[in-house]
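Thanks for coming. I will take one structure and go through it piece by piece.

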Amino acid sequence: QVQLVESGGGLVQAGGSLRLSCAASGRTFSTYGMGWFRQAPGKEREFVAAFSWSGGSTYYADSVKGRFTISRDNAKNTVYLQMNSLKPEDTAVYYCAADHGLGYLDGSWGQGTQVTVSS
């Protein structure tokens, strides 16, 4: 079992930046990858960014490429999502997730942190 706690959300104007953090605890050695997802009101949860522990590859949704950066601090068991040039359409609850080998849907999830971008 891995526990994930997100932080760093808030209200920001369009064009601004935020950095989300996801602190992991528990059986973190059983994690194959870490990712960020988001869910806007009335919409389905969607993939934002992820990386794999083994190869270090990173993946981004087309909508955030060039604006968001996923990174990690192994010593702190923390994953970050740096979000720049934010747009109103980035408004959503952002979730951190861990893949234990069966995909993110069957992995561990945090409680989410709200990001609101005003125009």
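**Starting from one tyrosine**

Let me begin with Tyr59, which lies in strand β6, residues 58–60. Please keep in mind that this is a predicted model.

Is Tyr59 buried, exposed or partly exposed? Its relative accessible area is 45%, so Tyr59 is partly exposed. The cut-offs matter for that call, because buried means under 20% and exposed means over 50%.

Which residues does Tyr59 touch, once its neighbours within four places in sequence are set aside? The contacts are Phe47, Val48, Ala49, Ala50, Phe51 and Ser52. There is also a distance to note here: Tyr59 and Thr69 are ten residues apart along the chain, and their C-alpha atoms are separated by 9.5 Å.

Take Ser52 from that contact list. Ser52 belongs to strand β5, which covers residues 46–52. With a relative accessible area of 16%, Ser52 is buried. Again leaving out neighbours within four places in sequence, Ser52 is in contact with Tyr32, Gly33, Ser57, Tyr59 and Arg72.

**The aromatic residues**

Phe47, one of the contacts of Tyr59, is also part of an aromatic cluster. Which residues make up that cluster? They are Phe37, Phe47, Tyr95, Tyr104 and Trp109.

Counting pairs, the structure holds four aromatic pairs. I will describe the one made by Phe37 and Trp109. The ring centres of Phe37 and Trp109 are 5.0 Å apart and the planes meet at 50 degrees, so this pair is tilted. Phe37 sits in strand β4, residues 33–39, and Trp109 in strand β10, residues 108–109, so the pair ties together parts that are 72 residues apart in sequence.

The two partners are not equally covered: Phe37 is buried, at 11% relative accessibility, whereas Trp109 is partly exposed, at 25%.

Next, an arginine. Arg45 lies over the face of Tyr95, at 3.9 Å from the ring centre. Arg45 also lies over the face of Trp109, and there the distance to the ring centre is 4.7 Å. Both of those rings belong to the cluster I listed a moment ago.

**The disulfide**

How many disulfides does the structure hold? It holds one. The partners are Cys22 and Cys96, with their sulfur atoms 2.1 Å apart. The link of Cys22 and Cys96 is left-handed, with -80 degrees about the S-S bond. It connects distant parts of the chain, since Cys22 is in strand β3, residues 18–26, and Cys96 is in strand β9, 74 residues away.

On accessibility, Cys22 is buried, with a relative accessible area of 0%. Cys96 is buried as well, also at 0%.

**The sheet**

Strand β3, where Cys22 sits, takes part in an open sheet of four strands. In what order do the strands run? The order is β1-β3-β8-β7, and the pairing is antiparallel.

Why do β1 and β7 have one side without a neighbour in the sheet? Because β1, residues 2–7, and β7, residues 68–73, stand at the edges, and each has a single partner strand. From one strand to the next, the twist averages 20 degrees.

As general background, strands of a sheet pair through backbone hydrogen bonds, in a parallel or an antiparallel way. For β7 and β8, the latter being residues 78–83, the antiparallel pairing runs over six bridges. Within that pairing, Ile70 stands opposite Leu81 in β8.

**Two loop residues with positive phi**

The last topic is backbone angles. Most residues other than glycine have a negative phi.

Asn77 has a positive phi of about 50 degrees, although it is not a glycine. Asn77 is in the loop between β7 and β8. Its relative accessible area is 34%, so Asn77 is partly exposed.

Ser85 is another non-glycine residue with a positive phi, near 50 degrees. Where is Ser85 placed? Ser85 is in the loop between β8 and β9, the second of these strands being residues 92–99. At 40% relative accessibility, Ser85 is partly exposed.

That is the end of my notes, and I will take questions.

Definitions and conventions: Residues numbered from 1 in each chain as written. Predicted model: local features only at pLDDT ≥ 70, side-chain atom pairs only at ≥ 80, totals over all residues. Heavy atoms only, no water. Pairing = 2+ DSSP bridges. Helix = DSSP H or I, 4+ residues; strand = E, 2+ residues; numbered from the N terminus. Axes fitted to C-alpha atoms, helices over the stretch in contact; angles between N-to-C directions. Buried < 20%, exposed > 50% of the residue type's maximum accessible area, 1.4 Å probe, protein only. Disulfide = S-S within 2.5 Å. Phe/Tyr/Trp six-rings, centres within 6.5 Å; stacked < 30°, edge-to-face > 60°. Lys NZ or Arg CZ within 6 Å of the ring centre and 35° of its normal. Contact = heavy atoms within 4.5 Å.
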